[in-house]
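Hi there,

Here is the structure I promised to pass on to you. Have a look at it first, and then read my notes below.

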Amino acid sequence: MDSANTTGDAVPVRAAVALAVNGTEHRLDVDTRSSLLDVLREDLGLTGTKKGCDHGQCGACTVLLDGRRANACLALAVAHDGARVVTVEGLAEEDGRLSAVQESFLEHDAFQCGYCTPGQLCSATAVLEEVRQGWPSAAAADVAADPVLDDDEIRERMSGNLCRCGAYPGIVAAVHAAAGRSREVTGA
Amino acid sequence: MRPFGYERAATADEALALHEDGAVYLGGGTNLVDLMRLGVATPSRLVDVARLPHDRVELEVDGGLVIGAAVTNSDLAADRSVREGHPVLAEAVLAGASGQIRNLATVGGNLLQRTRCSYFQDAAKPCNKRDPGSGCPAREGEHHNLAILGQSEACVATHPSDMAVALAALDASVRVRGRSGERVVPLEDFYRLPDGAPDRDTTLEPGELVTAVEVPPLGMPSRYRKVRERASFAFALVSVAAALEVGNGVVTGVRLALGGVAHRPWRARRAEDALRGAAATEESFLRAAEAELEAAEPLRDNAYKVPLARNLIVRTLMELGEGT
Ligand SMILES: Cc1cc2nc3c(=O)[nH]c(=O)nc-3n(C[C@H](O)[C@H](O)[C@H](O)COP(=O)(O)OP(=O)(O)OC[C@H]3O[C@@H](n4cnc5c(N)ncnc54)[C@H](O)[C@@H]3O)c2cc1C
Ligand code: SF4
Ligand code: FES
Ligand code: FES
């Protein structure tokens, strides 16, 4: 639209934002331009959540936002004032025991370099919850039917998380195994 | 990114009042934030409309739907009445983006997302849609995924939404609120071809707010089919939203719209006219598809879309025909 004549002399705008991250309340003063991803990584030091593309294309920044998976790179922090956020650092139990999804990723060799893994873990955690709630996916033959989490469904539902190392077969196996033994971990 | 003010509206009236010169409405931000980061959108103020109370899918007594503009793409696709009464709509939404993007994305934002033409997204390149009069490098350059129907000299972009293609087939209308009141715009008048003003994707006036989408009852089997460069998480090369009703081997009802082929979701009226009353056979489906695509004017690198669209129309109608 009016991109041609940006003057660049506008003054940064700051805003107060409250976020409950992995169960801890934070009151922050952020630039309105800050993404949730940058606030997590830069302001809160939670560097588990990764920046892959910063355009919504890779899923490395996936977190649970008010219980639902979301790309933290596309979410403006100021727009999510009052939100509950769970990052990869918050998936394990308080005593440090790994979640069913995390255990399954270890067991099934679902990563190589690990860069995409925090996003994969958050996404997979949410996928199990979405299936429990009966949400359909594009893999369904009949979109009105209750979903059954077979390998095609897992591939489709996890398609927003890319893996440069190509650990996909292990990821599918891990999600499959986790579906069998998961506990409630979304939400916080 | 250029600094901007941020305001969250609690009501539609408040949103309209907050929308000053240079302001832009914010839905989930999945398209807008990206374009701001790219320097393509440079608002001075964001008016957040994602938490407006337009957050429900209402099923009318006649089987029609009223879908609030703040409903997320995920909630729309998961809605029971959508899945049962308008499966083509749930399928189209699920065919778009990813699970995590659909959780953020709203219905209003999905309707108003901008083209994925690579020149539009690159603020350093000329582009008539971004900067009217600067030219259209896509016409001679990278256009393998751009329009084959209804394009103009000035712009050959396609509209990227899957959801809007289903809504076009469903005869949906958009509820719009402006400072002078509300109007209901049929989807076909909401989206426009680039002719005359390539910078305008829709007939929405500056500051007007989309509050809901109205979808009449359907009452026939429907389906969304999308062809893309990988199995999932990619924009359409060509897509088809179709509904078909067959009685005694004859087509008694049909709706057909194409995605990925034009500046707007393309309602295939010529094909529909050719089908109504015709035998529900592969030959008729093929004839209808060809009638629609006769008007196609492909560019150097996108002529493949013509047979692709033809075959996808025929296959989708065959699938629907077999189910009846
Ligand atoms: C990697 C990636 C892949 C994608 N793949 C697909 C795909 O395959 N198919 C597909 O269809 N989409 C796809 N998308 C696009 C996605 O569907 C859109 O980004 C999303 O629907 C936009 O919704 P939003 O609420 O986030 O809109 P925003 O980004 O918040 O806003 C988009 C536009 O709508 C305007 N707006 C928002 N709400 C209103 C309102 N109520 N009234 C008036 N104006 C309003 C905004 O001002 C802005 O101009 C993809 C996106 C990404 C990032
Ligand atoms: S096709 Fe349209 S959007 Fe793409 S460069 Fe040309 S004018 Fe811009
Ligand atoms: S960093 Fe957010 S999707 Fe790639
Ligand atoms: S494990 Fe390396 S990117 Fe996925």
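Please keep in mind that this is a predicted model. I started with ligand 1, where a backbone N or O atom of Gly29(B) lies 2.7 Å from one of the ligand's oxygen atoms. Thr30(B) takes part through its side chain, with an N or O atom 2.7 Å from an oxygen atom of ligand 1. At Ala97(B), a polar backbone atom is 3.1 Å from an oxygen atom of the ligand. On its own, ligand 1 has 980 Å² of accessible area, and the protein covers 94% of that. Strand 2 (23–26), helix 7 (107–111) and strand 8 (209–215) of chain B each give two or more residues to the shell around the ligand.

If you zoom out a little, you will see that ligand 1 lies between chains A and B. It is surrounded by 35 residues, and the closest include Tyr25(B) and Asp162(B). Sorted by class, that shell has 15 nonpolar, 16 polar and 4 charged residues.

Next, try strand 10 (residues 238–247) of chain B. This strand is largely enclosed by the rest of the structure, because 7 of its 10 residues are buried. What joins it to strand 9 (residues 222–227) of chain B? There are 6 bridges, and the two strands run antiparallel; here Arg223(B) stands opposite Ala242(B). Strand 11 (residues 250–259) of chain B is also antiparallel to strand 10, with 9 bridges joining them. Strands 10 and 11 of chain B form a hairpin with 2 residues between them, and Asn248(B) in the turn has a positive phi of about 50°. Gly247(B) stands opposite Val250(B) in strand 11.

Happy exploring!

Notes:
Residues are numbered from 1 along each chain as its sequence is written. Chains are lettered from A and ligands numbered from 1 in the order in which they are written. This is a predicted model: local features need pLDDT of at least 70, side-chain atom pairs count only at pLDDT 80 or more; totals for chains, interfaces and linings use all residues. Side-chain values use heavy atoms; hydrogens and water are left out. A residue is near a molecule or strand if one of its heavy atoms lies within 4 Å of it. A polar contact is a pair of N or O atoms within 3.5 Å; within protein, one must be able to donate a hydrogen and the other to accept it, and residues adjacent in sequence count only if both atoms are side-chain atoms. Accessible areas come from the Shrake-Rupley method with a 1.4 Å probe; for residues, only the protein chains shown count as cover. Helices (H or I, at least four residues) and strands (E, at least two) are DSSP runs, numbered from the N terminus. Ala, Val, Leu, Ile, Met, Phe, Trp, Tyr, Cys and Pro count as nonpolar, Asp, Glu, Lys and Arg as charged, and the others, Gly among them, as polar. Buried means under 20% relative accessible area, exposed over 50%, partly exposed in between (1.4 Å probe, protein chains only). Two strands pair if DSSP finds at least two bridges between them.
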